[in-house]
Amino acid sequence: MYTTELKERNQAVQGLSLEREDPERLAAFEARVAADDFIEPKDWMPEAYRKTLIRQISQHAHSESVGMLPEGNWITRAPNLRRKAILLAKVQDEGGHGLYLYAAAETLGITREEMIEALHSGRAKYSTIFNYPTLTWADIGAIGWLVDGAAIMNQVPLQRTSYGPYARAMVRICKEESFHQRQGYEIMMTLANGTDAQKRMAQDALDRWWWPSLMMFGPPDENSPNTAQSVRWRIKRETNDELRQKFVDVTVPQADALGLVVPDPKLKWNEERGHYDFGDIDWDEFYAVVRGEGPVAKERMTARVKAWEDGKWVRDAAAAHAEKRGMRIAAE
Amino acid sequence: MLPDATLADYALRLGDDSLVLGQRLSEWCGHAPMLEIDLALSNIALDLIGQASHFLKFAGRAEGRGRDADSFAFRRDALDFRNCLLVEQPNGDFAQTMARQFLFSNWQELLFAQLQHSANDTLADIARKAVKEVAYHAHFANEWMVRLGDGTEESRARTIAGLEWMWRFTGELFERDPALKPLVDAGVAVDVPSLRPDWEDRISRTLAEARLELPKPRRWVMGGRVGHHSEHLGHLLSEMQFLQRAYPGAMW
Ligand SMILES: [Fe+2]
Ligand SMILES: [Fe+2]
């Protein structure tokens, strides 16, 4: 999850033709992956695999780090001490996820600084979901419930992804995500059982976050030409539409339990399919957000860039100090 | 437990220090110079908010009027807050934040090291757990003071400015309050003037390592312990207390 498929990305990766790879090594690699072996940093891998992974893992890392902002927006206004502590711990976890993932991507031969530079210049993407604003406290509930819920759907299969460091990072991350989802649902439950004003807040949050959450799974399979390759390489283990359906099937009964209405008139249980049918997603909105036209995309990027630029003198100072120390120790 | 207004007041001082600093540090979340610092500052904030919850809960029991930690945190105005002025100072840049942490955590660690032997079991228990946390806070701040003080020209200048901002509020930390005399005499509260030599020793050692000088003596700014705060606290509270004020009586 937290990775956004783009048409340009597919082109970029396709530019690295597999035909240029040594066929024997490629065959051995494909066989290992097919046997569910983990590929480790020192192992040989096709360039396209490396590039795809760098993109996917760094996007994922960026999403964790940008994802701190919408929820961070409410830490100082959390309604009681318990909620404040839970939210702080949650947002801190997301920062930790960012760290694991940057470290996993670094094993593929890219530095964190390079990745951050790509994010700030707009070359690297992050999940579309974080370009929507958190307007009320109920949004903190909705994010935990829906966004972390969708993240779990996406991330659980990635624990068995073919690249070892990524898979291991996902194992650690998944452990924490279920707590994130639960705390969000618990907030929604409290609000849905609260005063009229709180109920209104909860419903409004579901209204605003439902469709963007469905978009988190990425474009429909027929517009996701890279999926087959990624599934074959075990970078992806289920398709966007499969995961999206799973999410809807799990989440609708939860909304019912809350007494909230999912904002989709076409939503209906389909006995024959054994799944919920649901309405059409506004893909124009999705691609616009991917292009950077999300409602608060500017705010999010400005905040990231500002933190990074304001922090430059601190990072420089740490480096300068380490160097001075090294020299002093050497002189002794 | 019999109502004891002095004991409640003492617990509020301890709790409000942690609460207000925790709130301040949480403002950094998502905006720190690098992810590692972000995580560390959130960690410290979490520790402080945890401490605050314990102290404020205990203040409610000592007061005996049915108030819990949240009613103290979210439904008091500035005049009733008992934290020291140092912790409510704005974050400023990272050097200013670290200067505040450095001056405060070194004091709080010494305070809790004594409070863990308090004649009051609850305060002693809270302090025993918290002193380990605060030792880490002080360690983190000391290390950054050294890095920043002995880093670049810019970091050095910023650190001096940060210390300069915060220094005037340190006198309050060691001010003996006659109102607390019964608690000090009973071995419940810590006699804060006694912490000064150790604190000065710690501060000077780290500053020497950071190649910085101790700020010059000056007239202290005080008032936090009697509710006379800086202008900054009201804004901090209006943000922190917004939901509880906007929706009175709601459960969250
Ligand atoms: Fe996460
Ligand atoms: Fe999460």
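Is E177(A) buried or exposed? With the model open, and bearing in mind that this is a predicted model, select E177(A) before anything else: at 0% relative accessibility, this residue counts as buried.

**Stop 1: the iron ion (ligand 1)**

From E177(A), move to the iron ion (ligand 1), whose protein donors are E64(A), E94(A) and E177(A), each through an OE atom, together with H97(A) through ND1, at distances of 2.0 to 2.3 Å. Reading along the chain, the donors of this ion follow the spacing E-x29-E-x2-H-x79-E. If you display the angles among the 4 donor atoms, they run from 80 to 159°, and the site is irregular. For such an assignment, it helps to recall that four donors count as tetrahedral if all angles lie between 85 and 135 degrees.

Now colour the helices and select E64(A) and E94(A) as a pair. E64(A) lies in helix α3 (residues 47–66) of chain A while E94(A) lies in helix α5 (residues 81–106) of chain A, so the pair ties together parts that are 30 residues apart in sequence. E64(A) is buried, with a relative accessible area of 2%, and E94(A) is buried as well, with a relative accessible area of 3%.

**Stop 2: the iron ion (ligand 2)**

Keep E94(A) selected and add the second ion, since E94(A) bridges the iron ion (ligand 2) and the iron ion (ligand 1), which lie 3.4 Å apart. Which residues coordinate the iron ion (ligand 2)? Its donors are E94(A) (OE), D148(A) (OD), E177(A) (OE) and H180(A) (ND1), found at 2.0 to 2.2 Å. E177(A), where the tour began, therefore appears among the donors of the iron ion (ligand 1) and also among those of the iron ion (ligand 2), with the burial already noted at 0% relative accessibility.

The 4 donor atoms around the iron ion (ligand 2) subtend angles of 84 to 171°, which makes this arrangement irregular. Their spacing along the chain is E-x53-D-x28-E-x2-H. Within that pattern, select E177(A) and H180(A) together: they are 3 residues apart in helix α8 (residues 164–192) of chain A, and are thus separated by about one helical turn. H180(A), at 0% relative accessibility, counts as buried.

**Stop 3: charged neighbours of the irons**

Next select K90(A), whose side chain meets that of E94(A) in a salt bridge of 3.0 Å, N to O. Both K90(A) and E94(A) are buried, and, being 4 residues apart in helix α5 of chain A, they are separated by about one helical turn. Extending the selection to E71(A) and D148(A) shows a network of salt bridges that links E71(A), K90(A), E94(A) and D148(A). Over all chains, a search of the whole structure finds 45 salt bridges.

Another of these in chain A joins R208(A) to D139(A), with the closest N and O atoms 2.7 Å apart. R208(A) lies in helix α9 (residues 196–215) and D139(A) in helix α7 (residues 138–158), both of chain A, so the pair ties together parts that are 69 residues apart in sequence. Here R208(A) counts as partly exposed, at 25% relative accessibility, whereas D139(A) counts as buried, at 0%.

**Stop 4: across to chain B**

In chain B, select R82(B) and D9(B), whose side chains meet in a salt bridge (3.1 Å, N to O). R82(B) lies in the loop between α3 (69–74) and α4 (85–88) of chain B and D9(B) in helix α1 (residues 5–26) of chain B, so the pair ties together parts that are 73 residues apart in sequence. R82(B) is buried, with a relative accessible area of 16%, and D9(B) is buried at 18%.

Then select Y10(B), which, leaving aside neighbours within four places in sequence, is in contact with residues including L111(B), L115(B), L180(B) and V190(B). The largest nonpolar core has 182 residues, and those touching the most other members are W137(A), W210(A), Y10(B), F94(B) and F112(B). The largest share of this core, 16 residues, comes from helix α2 (residues 35–63) of chain B.

**Stop 5: T159(B)**

Finish at T159(B), which is found in helix α7 (residues 153–167) of chain B and counts as buried at 0% relative accessibility. The side chain of T159(B) reaches the backbone oxygen of S155(B) at 2.6 Å. T159(B) and A95(B) are 64 residues apart in sequence, yet 5.0 Å apart in space, C-alpha to C-alpha. Not counting residues up to four places away in sequence, T159(B) touches A95(B), M145(B), L148(B), G149(B) and L212(B).

Terms used. Residues numbered from 1 in each chain as written. Chains lettered and ligands numbered in written order. Predicted model: local features only at pLDDT ≥ 70, side-chain atom pairs only at ≥ 80, totals over all residues. Heavy atoms only, no water. Donors = N, O, S within 2.8 Å, 3.2 Å for Na, K, Ca; no water. Tetrahedral: all angles 85-135°; square planar, octahedral: opposite > 155°, others 65-115°. Helix = DSSP H or I, 4+ residues; strand = E, 2+ residues; numbered from the N terminus. Buried < 20%, exposed > 50% of the residue type's maximum accessible area, 1.4 Å probe, protein only. Core = buried A, V, L, I, M, F, W, Y, C linked by side-chain atoms within 4.5 Å. Contact = heavy atoms within 4.5 Å. Polar contact = N/O pair within 3.5 Å; in protein donor to acceptor, adjacent residues only side chain to side chain. Salt bridge = Lys/Arg side-chain N within 4 Å of Asp/Glu carboxyl O.
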